[in-house]
Amino acid sequence: MLDVEQFVAECRASLAEPEPRLAVADLLERTVDATSSVERALPARRAEMTTLHHSPDLTVLKVVWAPGMSIWPHDHQMWAAIGIYAGQEDNTFFRRVDGCLESRRTRELSTSQVVLLGDDAIHAVHNPLGSCTGAIHVYGGDFFNRDMTQWDPETLEPRPEAKPPTRFFEEANERLGL
C-alpha cells in the first residue's frame, strides 16, 4: 500500500533538486504506476479535495472528480504535477490573448499518466466517466494561500477567487447523492 508520509517526504526532498517539478513528476509516474496500491491508500469514492501535506513551499492533495464533474478554467500561479491513479481526467488548456482567454488544446489523462503544469498554466478539468477519477496533485507552493483566477466556462470572463473552489466538489456530491 502507498505510504503517504513516505511519498510526501520524497516530494519534499525533490524540492532540493535543480528542477523540483521534474523530480516530482518522476516520483508521481512511479507512484501512479502502482495504481492498486494507491487506490487502497486513497480510495476514489466521492468528490473530494483532501490535503495530504500543506506548507509554504509544497502542497500535496488527493483530488477525486465525481462522475461527470467539471471545474471552471482556472490558474494555479505555481507549478503543478498531477498523477491519475483511477479513471480519466480531461484537461482543456487555455492561454491569454489580447486580454481574453482562448482555448488551446485538450489532453486526456488516464490511469497511470502524469501531466506537468507550469506556473502560468490555465486549464479546465472534466471527468467524462460514469465513475470517480482519483488523482494526486502536487503544487510547488501554498495552494491555499494565494490569489487565483477562475473564468466563467461559457463567457470566459475572469472571476477572481481568493480560495480554492471547494464548492464544485460539494455540488457534485449533492448532485450524485453522495
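**Notes on a predicted model, starting from strand 9**

1. Strand 9 is mostly covered, since 7 of its 7 residues are buried. The cover reaches both faces of the strand: T133, A135, H137 and Y139 lie on one side, G134, I136 and V138 lie on the other, and all of them are buried. The model under discussion is a predicted one, and the points below should be read with that in mind.

2. Two pairings of strand 9 can be followed in the structure. Strand 2, residues 58–65, runs antiparallel to strand 9 and is joined to it by 7 bridges, and within this pairing V64 has G134 of strand 9 as its bridge partner. Strand 4 also runs antiparallel to strand 9, which covers residues 133–139, and here 6 bridges join the two. Two positions help to locate this second pairing by eye: I84 has A135 as its bridge partner in strand 9, while I82 has H137.

3. Strand 4, residues 80–86, deserves a paragraph of its own, because 7 of its 7 residues are buried and the strand is therefore largely enclosed by the rest of the structure. Besides its bridges to strand 9, strand 4 pairs in the antiparallel sense with strand 7, residues 114–117, over 4 bridges. In that pairing, A81 finds its bridge partner in L116 of strand 7.

4. Strand 5, residues 88–97, pairs with strand 6, residues 100–110, in the antiparallel sense over 10 bridges, and Q88 stands opposite S110 of strand 6. The hairpin formed by strand 5 and strand 6 has 2 residues between the strands, and in it D98 takes a positive phi near 50°. Strand 5 is also paired with strand 8, residues 122–126, again in the antiparallel sense, over 5 bridges; there the bridge partner of N91 is V125.

5. Two loop residues have backbone angles that a reader may wish to inspect. Q77, which lies in the loop between strand 3 (70–75) and strand 4, has a phi near 65°, a positive value in a residue other than glycine. With a relative accessible area of 46%, Q77 is partly exposed. S112, placed in the loop between strand 6 and strand 7, is likewise not a glycine and has a positive phi of about 80°. At 29% relative accessibility, S112 counts as partly exposed.

6. Which residues does T50 touch, leaving aside its neighbours within four places in sequence? T50 lies in strand 1, and, with those neighbours set aside, it is in contact with V60, L61 and K62. T50 and K62 are 12 residues apart in sequence, and their C-alpha atoms are 5.0 Å apart in space. T50 counts as partly exposed, at 29% relative accessibility.

7. R45 is found in the loop between helix 3 (35–41) and strand 1 (48–55), and, with a relative accessible area of 66%, R45 is exposed. Even so placed, R45 touches V64, C132 and L178, if residues up to four places away in sequence are not counted. One of these, V64, is the residue whose bridge partner in strand 9 is G134. By contrast with these contacts, the C-alpha atoms of R45 and D147 are separated by 30 Å, the two residues being 102 apart along the chain.

8. Taken as a whole, the protein has 4 helices and 11 strands. A compact globule of 178 residues would have a radius of gyration near 16 Å, and the protein, with 15 Å, agrees with this. The C-alpha trace spans about 45 × 40 × 25 Å along its principal axes. Among contacts between residues at least 6 apart in sequence, 73% join residues at least 24 apart.

9. How much of the protein counts as buried? Of its 178 residues, 49% do. The protein exposes about 8,600 Å², and carbon and sulfur atoms supply 45% of that area. As for charge, there are 17 positive and 28 negative side chains, and the centres of the two sets lie 2 Å apart.

Conventions: Residues numbered from 1 in each chain as written. Predicted model: local features only at pLDDT ≥ 70, side-chain atom pairs only at ≥ 80, totals over all residues. Heavy atoms only, no water. Pairing = 2+ DSSP bridges. Buried < 20%, exposed > 50% of the residue type's maximum accessible area, 1.4 Å probe, protein only. Rg over C-alpha atoms; globule rule 2.2 N^0.38 Å. Contact = heavy atoms within 4.5 Å. Areas by Shrake-Rupley, 256 points an atom, 1.4 Å probe, with all protein chains shown as cover. Lys, Arg positive; Asp, Glu negative; His and termini not counted. Charge placed at Lys NZ, Arg CZ, Asp CG, Glu CD.
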